[in-house]
2 protein chains.
Amino acid sequence: MEEELDFWSFVELANRRLATEYGFRHQLATEVLLTLNRASDLVTYDLEAAVHRPRGRSWSAFRLLFVVWLAGPLEPKSAARLTGMSRAAVSNLMKPLVADGLLDRVPDEHDGRSVQLSLTEAGRAEMVSVFREHNEREFGWTEALTEEEQRILVMLLGKLITARAGSDTRSRR
Amino acid sequence: MEEELDFWSFVELANRRLATEYGFRHQLATEVLLTLNRASDLVTYDLEAAVHRPRGRSWSAFRLLFVVWLAGPLEPKSAARLTGMSRAAVSNLMKPLVADGLLDRVPDEHDGRSVQLSLTEAGRAEMVSVFREHNEREFGWTEALTEEEQRILVMLLGKLITARAGSDTRSRR
DNA sequence: CGAAACCAGTTTCGAAATTGACTATTTGTT
DNA sequence: AACAAATAGTCAATTTCGAAACTGGTTTCG
């Protein structure tokens with residue numbers, strides 16, 4: 001009766017017990033979301049450990065730099081929305097990045113309360129260099145799927161997200 | 001030229017700039033993983049905020065109780081593996097849960113270094129009650145997809161996870 | 001115009017997770 | 001049998017992040 005459960009046999013066990021012993025109705029929902037979270041955790045942890053930590057950056061710092069890089073000069077509020085972080089998190093992350101000379105932070109001309117974030121030249125250079133490695137490792141994850149499978153995956157996840165976005169879900173402030 | 005980007009238009013913008021301005025090759029990989037992480041974040045944040053925080057438990061505490069509940073008496077090491085947390089995280093999480101009388105922690109009979117975790121009667125009762133609400137809210141997320149779509153989603157995510165699991169990925173220690 | 005409501009960003013503080021060191025036990029080797 | 005290496009769990013230090021309070025600028029409307 002040796003167990004030595006792994007993730008997949010645990011999901012199976014959970015399914016069985018939730019249904020037969022406790023009579024819960026939505027095991028497939030549990031299975032979908034367990035798998036979703038596990039996949040996201042694995043990928044994120046791998047990219048952070050393999051690409052970003054060795055260069056002295058956190059996963060969150062990368063995400064912030066990434067949106068500022070590609071979405072041009074940006075208010076912190078928009079950066080928070082695009083990354084899914086809170087405004088406070090953006091504000092805290094900014095400090096060391098500005099100090100390291102990757103991020104520029106200039107007062108907004110039209111709104112004295114606000115601020116515009118952009119990458120410095122050094123920041124752009126670092127993102128180009130980091131993203132090369134990041135993107136290769138991303139590819140290492142997704143190449144297990146055909147292109148069509150990847151498109152289906154994006155479509156299904158999109159459906160999951162947007163269906164709920166309309167209802168009572170609050171996004172992170 | 002008003003922007004007001006949201007997540008989807010940002011993904012589109014990122015795709016375009018990464019391809020045309022910087023010549024990166026694997027935009028679809030980026031799109032898949034951005035969407036994956038966003039979906040996972042949204043779902044997790046929603047469940048934590050709607051179900052678990054109001055009851056005074058963190059998302060991580062719930063995950064730990066969940067695996068101990070369903071995978072029976074368990075060593076901390078196994079609990080860490082199944083939840084994807086580090087052993088230290090499990091050890092830290094355990095303390096308040098034992099103090100609150102939800103978790104039992106008894107020395108292992110066959111290995112003096114180890115320990116067996118199980119739910120107390122109160123712990124079991126709380127999980128049954130919490131999971132009722134949790135599962136209903138999970139269903140609220142997944143019901144946007146047909147049952148077949150959900151099975152495809154699980155299958156694709158499984159493919160993503162297991163293909164890479166064999167290679168040089170280190171799981172969290 | 002001026003007060004009140006509102007909104008943007010920051011700061012502070014607390015919760016939680018990871019890394020690495022440490023203790024105790026077990027396993028493997030000679 | 002003895003000792004080295006590996007393993008389990010815990011603890012301490014550091015990092016990260018968010019909630020809530022706070023500061024200051026902007027808009028609304030009498």
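These are my notebook entries on two protein chains and two DNA strands in a predicted model.

**Entry 1: chain A against chain B**

I began with the contact between the chains. Chain A puts 61 residues into it, and chain B puts in 61 residues. I then asked which helices of chain A supply at least two residues each to the side that touches chain B. I listed H1 (7-20), H2 (27-52), H3 (59-70), H4 (76-83), H6 (121-142) and H7 (147-165). Which helix gives the most? It is H2(A), with 19 residues. I also sorted this side of chain A by residue class. I found 35 nonpolar, 14 polar and twelve charged residues.

**Entry 2: H1 and H2 of chain B**

Next I looked inside chain B, at helix H1 (residues 7-20) and helix H2 (residues 27-52). Their axes come within 10 Å and cross at roughly 155 degrees. Why do I call H1(B) roughly antiparallel to H2(B)? The crossing angle is over 145 degrees, so the pair counts as roughly antiparallel. I noted the hand of the crossing as well: H1(B) passes H2(B) in a right-handed one.

I then wrote down the residues that meet. From H1(B) I have B:Phe7, B:Val11, B:Ala14, B:Asn15, B:Leu18 and B:Ala19. Facing them from H2(B) are B:Gln27, B:Thr30, B:Glu31, B:Leu34 and B:Arg38. By class, this helix contact has six nonpolar, three polar and two charged residues.

**Entry 3: around DNA strand C**

I moved on to the DNA. I counted 24 residues around strand C. The closest are A:Lys77, B:Ser58, B:Ser60, B:Ala89 and B:Gly112, from both chains. Which helices supply at least two residues each to this surface? In chain A they are H4 and H5 (87-99), and in chain B it is H5 (87-99). H5(A) makes the largest share, with five residues. The classes come out as eight nonpolar, eight polar and eight charged.

**Entry 4: around DNA strand D**

I repeated the search for strand D. Here 24 residues surround the strand. I listed A:Ser60, A:Ala89, A:Gly112, B:Lys77 and B:Ala88 as the closest. Two or more residues each come from H3 and H5 of chain A, and from H4 (76-83) and H5 of chain B. The class count for this surface is nine nonpolar, seven polar and eight charged.

**Entry 5: cross-check**

I put the two DNA lists side by side. A:Lys77 is among the closest residues to strand C, and B:Lys77 is among the closest to strand D. Likewise, B:Gly112 is listed for strand C and A:Gly112 for strand D.

Methods:
Residues numbered from 1 in each chain as written. Chains lettered and ligands numbered in written order. Predicted model: local features only at pLDDT ≥ 70, side-chain atom pairs only at ≥ 80, totals over all residues. Contact = placed C-beta atoms within 7 Å. Helix = DSSP H or I, 4+ residues; strand = E, 2+ residues; numbered from the N terminus. Nonpolar A, V, L, I, M, F, W, Y, C, P; charged D, E, K, R; others polar. Near = placed C-beta within 6 Å. Axes fitted to C-alpha atoms, helices over the stretch in contact; angles between N-to-C directions. Parallel < 35°, antiparallel > 145°, perpendicular 65-115°, else oblique. Left-handed = near helix turned anticlockwise from the far one by under 90°.
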